[in-house]
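Colleague: Could you open the model and walk me through a few of its details? I'd like to begin with charged side chains, if that suits you.

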Amino acid sequence: RFWKLSKYVKASQSLAIALLLFVSSGNLMANADTDNVNYLNDYKEKSLKTAEEFGKLIVQDFGGRMKPLNTLNTEIVAKITKKSEFLGMTPDQMILGMLVRPDIWKDVRIVKITTPKLKKELGVAEDQKYISFSDVFTPKNEYKLEKLVNEANAVKVNERGTFEKDILQVDERMNIVYMVFSGNIFRIFPDPTSANNVWLNPTDAIMKLQDPQRGAAEILIKGYLGSLLDGKYDAAEDYRNGISNYQQKLGNAVYPDEQKIAIELWVNKIKPFSNLTFAYLIVGFLMFVYAFATVFKPNVKNSKADMLIVSFATILFLAHTSAMGVRWYISGHAPWSDTYESLIYISWSAIFGGIIFFRNNMLALSAATIMTAIFMFTANLTNIDPQITNLVPVLKSYWLTIHVSIITGSYGFLAIGAMLGFMSLILFIFRNNRP
């Protein structure tokens, strides 16, 4: 796979390609030496501000959406490490470091791996949770996963076990790491000749743009990467500003509004839905305990406590509503167009039902809050992709906001009914025969 991709790259075009070739040469060992460790520690301390500014550049994803690099970097790190941050670095620091120094990062264990069988196939310790890019190559630069990937792909989807799934997932993560090392994933240079406003990655910009844009892109790329290689972060910032100006001038037709950029960066930082998940879990559990206590011991019921609980639930509901509104603003479409957004919306409809219709019944309100927490937990703590994407053509209709919203929202009310039924069964278990 890597060999095929490399055929599309010409070796003498840019500093980024030269770095990629440096990665491909030599003995690929997974043990970083002392100098590499010292570099990573030094880089972690000094690169924070530079990496943060790097994340403010605009990138065009493969679906055509324009977004801050910080969003893409966060998605990449979550994909390859299954964490929001790693090694004590922000996603922007990690991705910028991988782009600038792939010769070091190829030996850093950042790729998530799970099955012991695959670890054995790759020759890594069974207690290792992460492997490096170098771990999937032999000393002769042969890709260890090639045969395993072919065999896993030959198995029917519904018959694949955890081993086959892990193979394909690790292979996908390695491809993503490769694209970061090569810079092919960063479509940051507008092409003024493109009728569809397609942006180019650094390599394609130098190869395909016409002068004077090609010359400007080459100067900016080499200047930015070269300054970072030399540890000249102030000089790198000047080149970064140059790239930003280049984007705004030549990509003005699709360049997002500055306010929208700032809001998306803010959302990436506070992670509203992840934080709401734990808030719902805590509040829902406390409400559940209180509601059952009032059933068995009516004297426990307190109007002030009821008001306080309803107030907490209302605050969470308003925060949830605001977060969905912000996501709608960023994406430009109703936030129930994919699996992740549907789960978030169903959870919203559940707490909506609890606040509007069941706020005077503590048992029903606790059921609504708990189901909201369950849906939010499912959306945020599984392999469901939370990234914002452009709408697929079939959903580009006003029916998305009318028909789909009503149908999907009904699942929240169904969930409340299911939880109330479950609670009723629990009450029947503890009932006594006294009249």
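Modeller: Keeping in mind that this is a predicted model, let me begin with Asp-61 and Lys-67, whose side chains meet in a salt bridge at 3.4 Å from N to O.

Colleague: Are those two, Asp-61 and Lys-67, buried or exposed?

Modeller: Asp-61 has a relative accessibility of 10% and Lys-67 has 1%, so both count as buried, the cut-off being under 20%.

Colleague: And what does Arg-65 form a salt bridge with?

Modeller: Arg-65 pairs with Glu-264, and the closest N and O atoms of the two are 2.8 Å apart. Glu-264 belongs to helix H14 (residues 258-270), whereas Arg-65 sits in the loop between strand S1 (58-60) and strand S2 (66-68), so this salt bridge ties together parts that are 199 residues apart in sequence.

Colleague: How buried is each partner, Glu-264 and Arg-65?

Modeller: Glu-264 counts as buried at 4% relative accessibility, and Arg-65 is buried as well, with a relative accessible area of 5%.

Colleague: How many salt bridges does the count come to?

Modeller: The count comes to 13 salt bridges. One of them joins the side chains of Asp-42 and Lys-46, at 3.2 Å from N to O, and both of these residues lie in helix H3 (residues 34-46), four residues apart, which is about one turn of the helix.

Colleague: What about the cover on Asp-42?

Modeller: Asp-42 is partly exposed, with a relative accessible area of 34%, while Asp-61 in the pair we began with is buried at 10%.

Colleague: Which residues are linked in a network of salt bridges?

Modeller: Asp-211, Arg-214, Glu-218 and Lys-222 are linked in that way. Asp-211 deserves a second look for its backbone too, since the peptide bond from Asp-211 to Pro-212 is cis, with omega near 5°, and Pro-212 is found in the loop between helix H11 (202-208) and helix H12 (213-229).

Colleague: Why would you flag a cis bond at all?

Modeller: Most peptide bonds are trans, and most residues other than glycine have a negative phi, so exceptions to either are worth pointing out.

Colleague: Then which residues have a positive phi without being glycine?

Modeller: Asn-141 is one of them, with a phi of about 65°, and Lys-271 is another, with phi near 50°.

Colleague: Where do Asn-141 and Lys-271 lie?

Modeller: Asn-141 is in the loop between strand S4 (130-131) and helix H9 (146-154), and Lys-271 is in the loop between H14 and H15. Asn-141 is partly exposed, with a relative accessible area of 33%, and Lys-271 is likewise partly exposed, with a value of 33%.

Colleague: Changing topic to the surface, which residues make the nonpolar patch?

Modeller: The patch covers about 770 Å² and is made by Phe-278, Leu-281, Ile-282, Phe-285, Leu-286, Val-289, Phe-377 and Leu-381.

Colleague: Which helix gives the most to it?

Modeller: Helix H15 (residues 272-296) does, with six residues. Leu-286 has its place in H15, and because its relative accessible area is 52%, Leu-286 is exposed.

Colleague: How do H15 and helix H18 cross?

Modeller: The axes of H15 and H18 (residues 362-380) come within 8 Å and cross at roughly 150°, which means that H15 is roughly antiparallel to H18. H15 passes H18 in a left-handed crossing.

Colleague: And H9 with helix H10, at what angle do they cross?

Modeller: Their axes come within 9 Å and cross at roughly 125°, with H10 spanning residues 162-182, and that makes H9 oblique to H10. The crossing of H9 and H10 is left-handed.

Colleague: Last one for now: how many residues of helix H6 are buried?

Modeller: In H6 (residues 91-100), 10 of its 10 residues are buried, so the helix is mostly covered. Among them are Asp-92 and Gln-93, along with Met-94, Ile-95, Leu-96 and Gly-97.

Terms used
Residues are numbered from 1 along each chain as its sequence is written. This is a predicted model: local features need pLDDT of at least 70, side-chain atom pairs count only at pLDDT 80 or more; totals for chains, interfaces and linings use all residues. Side-chain values use heavy atoms; hydrogens and water are left out. Patches are made of residues with over 30% relative accessible area and no salt bridge: like charges are joined within 9 Å, nonpolar side chains (Val, Leu, Ile, Met, Phe, Trp, Tyr) within 5 Å. Accessible areas come from the Shrake-Rupley method with a 1.4 Å probe; for residues, only the protein chains shown count as cover. A salt bridge is a side-chain nitrogen of Lys or Arg within 4 Å of a carboxyl oxygen of Asp or Glu. Helices (H or I, at least four residues) and strands (E, at least two) are DSSP runs, numbered from the N terminus. Buried means under 20% relative accessible area, exposed over 50%, partly exposed in between (1.4 Å probe, protein chains only). Axes are lines fitted to C-alpha atoms, for helices over the stretch in contact, and angles run from 0 to 180 degrees between N-to-C directions. Angles under 35 degrees count as roughly parallel, over 145 as roughly antiparallel, 65 to 115 as roughly perpendicular and the rest as oblique. A crossing is left-handed if the near helix is turned anticlockwise from the far one by less than a right angle, and right-handed if clockwise.
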